[in-house]
Amino acid sequence: MPSVSARIFLALLVAGSLASCGRDDGPRLMSSLSANSGPDEFDILPNKPLQEPASYSELPPPTPFGGNRADASPVADVVALLGGNPAAVTRGEVPSVDRRLVGYTERYGRRDGIRSELAAEDLEYRGNNRGRVLERLFDVNVYFRAYEHMSLDQYAELERFRAMGVRAPAPPPEPEGE
């Protein structure tokens, strides 16, 4: 009959091996204990209502895998609500009124494919900071600890800006205990 400490060690060994099994969709830093595989309410984007054109001869020819007038276009809708030209969004061009702003933001250059490059680097970072064995076993959230050294202290930054004479709105009070 094994001793109590041997039983505990064996139980932890089995639990650790089972924690490393299962599907691996990549490292998960934010985790929820819900195993619900139901629909995600944020994935649902309602279509616009169908509209009958004034003349059926004015309809554009159908394009395979192309857009539809009833398809949702949230970015263009927001641009229109804010007074911009939604056609510029769908064409993928920079409106003439914004060219100086875009030129200014690109003054130090830009790299094509930066999003995919950053996503690959972040995936590697998250793989190296997955948390300890027991944190993974009990599905503990390790996101904030993993990225803590990259976070901005908003109150210290506010004080830095105020010291430079920049007017800034009053922030909410600092949480107690920090």
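Confidence in this predicted model varies by element: mean pLDDT is lowest in helix 1, at 70, and highest in helix 8 (residues 154-163), at 91. For the protein as a whole the mean pLDDT is 78, and 78% of the residues reach 70 or more. The fold has eight helices and zero strands. Of the 178 residues, 8% count as buried.

**Architecture**

- Read from the N terminus, the order of elements is α-α-α-α-α-α-α-α.
- Helix 1 covers residues 4-20, and helix 5 covers residues 114-128.
- Helix 6 (133-137) and helix 7 (143-146) are joined by a loop that contains valine 140.
- Arginine 132 is found in the loop between helix 5 and helix 6.
- Arginine 132 counts as exposed because its relative accessibility is 55%, and the cut-off for exposed is over 50%.
- Arginine 132 and valine 142 are 10 residues apart along the chain, and 9.0 Å separates their C-alpha atoms.

**Nonpolar surface patch**

- Six side chains make up a nonpolar patch on the surface: Val4, Ile8, Leu12, Leu134, Phe138 and Val140.
- Together these residues have about 600 Å² of accessible area.
- Helix 1 supplies the largest share of the patch, with three residues. Helix 1 is also the element with the lowest mean pLDDT.
- Valine 140, a patch member, has a relative accessible area of 40% and is therefore partly exposed.

**Salt bridges**

- The whole structure contains six salt bridges.
- Arginine 111 pairs with glutamate 117, with 2.6 Å between the closest N and O atoms.
- The two partners fall in separate accessibility classes: arginine 111 is exposed, at 52% relative accessible area, while glutamate 117 is partly exposed, at 32%.
- Arginine 126 is bridged to aspartate 122, and their closest N and O atoms are 3.1 Å apart.
- Arginine 126 and aspartate 122 are four residues apart in helix 5, so about one helical turn separates them.
- Arginine 126 is partly exposed, with a relative accessible area of 23%, and aspartate 122 is likewise partly exposed, with 29% relative accessibility.
- In helix 8, glutamate 157 and arginine 160 lie three residues apart, about one turn of the helix. These two residues form a salt bridge in which the closest N and O atoms are 2.5 Å apart.
- Glu106, Arg110 and Asp112 belong to one network, joined by salt bridges that share partners.

**Aromatic pair**

- A search of the whole structure turns up one aromatic pair.
- The pair consists of tyrosine 125 and tyrosine 147, with ring centres 5.2 Å apart and planes at 45 degrees to each other.
- This geometry counts as tilted, because the angle is neither under 30 degrees, as in a stacked pair, nor over 60, as in an edge-to-face pair.
- Distant parts of the chain are linked by this contact: tyrosine 125 belongs to helix 5, whereas tyrosine 147 is in the loop between helix 7 and helix 8, 22 residues apart.
- Tyrosine 147 has a relative accessible area of 14% and is buried, because the cut-off for buried is under 20%.

**Charges over rings**

- Arginine 107 has its charged end over the ring of tyrosine 104, at 3.9 Å from the ring centre.
- Arginine 160 sits over the face of phenylalanine 161, 4.9 Å from the ring centre.
- Arginine 160 is thus placed in two contacts: the ring of phenylalanine 161 and the salt bridge with glutamate 157.
- With 42% relative accessibility, arginine 160 counts as partly exposed.

Conventions. Residues are numbered from 1 along each chain as its sequence is written. This is a predicted model: local features need pLDDT of at least 70, side-chain atom pairs count only at pLDDT 80 or more; totals for chains, interfaces and linings use all residues. Side-chain values use heavy atoms; hydrogens and water are left out. Patches are made of residues with over 30% relative accessible area and no salt bridge: like charges are joined within 9 Å, nonpolar side chains (Val, Leu, Ile, Met, Phe, Trp, Tyr) within 5 Å. Accessible areas come from the Shrake-Rupley method with a 1.4 Å probe; for residues, only the protein chains shown count as cover. A salt bridge is a side-chain nitrogen of Lys or Arg within 4 Å of a carboxyl oxygen of Asp or Glu. Helices (H or I, at least four residues) and strands (E, at least two) are DSSP runs, numbered from the N terminus. Buried means under 20% relative accessible area, exposed over 50%, partly exposed in between (1.4 Å probe, protein chains only). pLDDT is the predictor's confidence in each residue, from 0 to 100. Rings of Phe, Tyr and Trp (its six-membered ring) pair if their centres lie within 6.5 Å; planes under 30 degrees apart count as stacked, over 60 as edge-to-face and the rest as tilted. A charge sits over a ring if NZ of Lys or CZ of Arg is within 6 Å of the ring centre and within 35 degrees of the ring normal.
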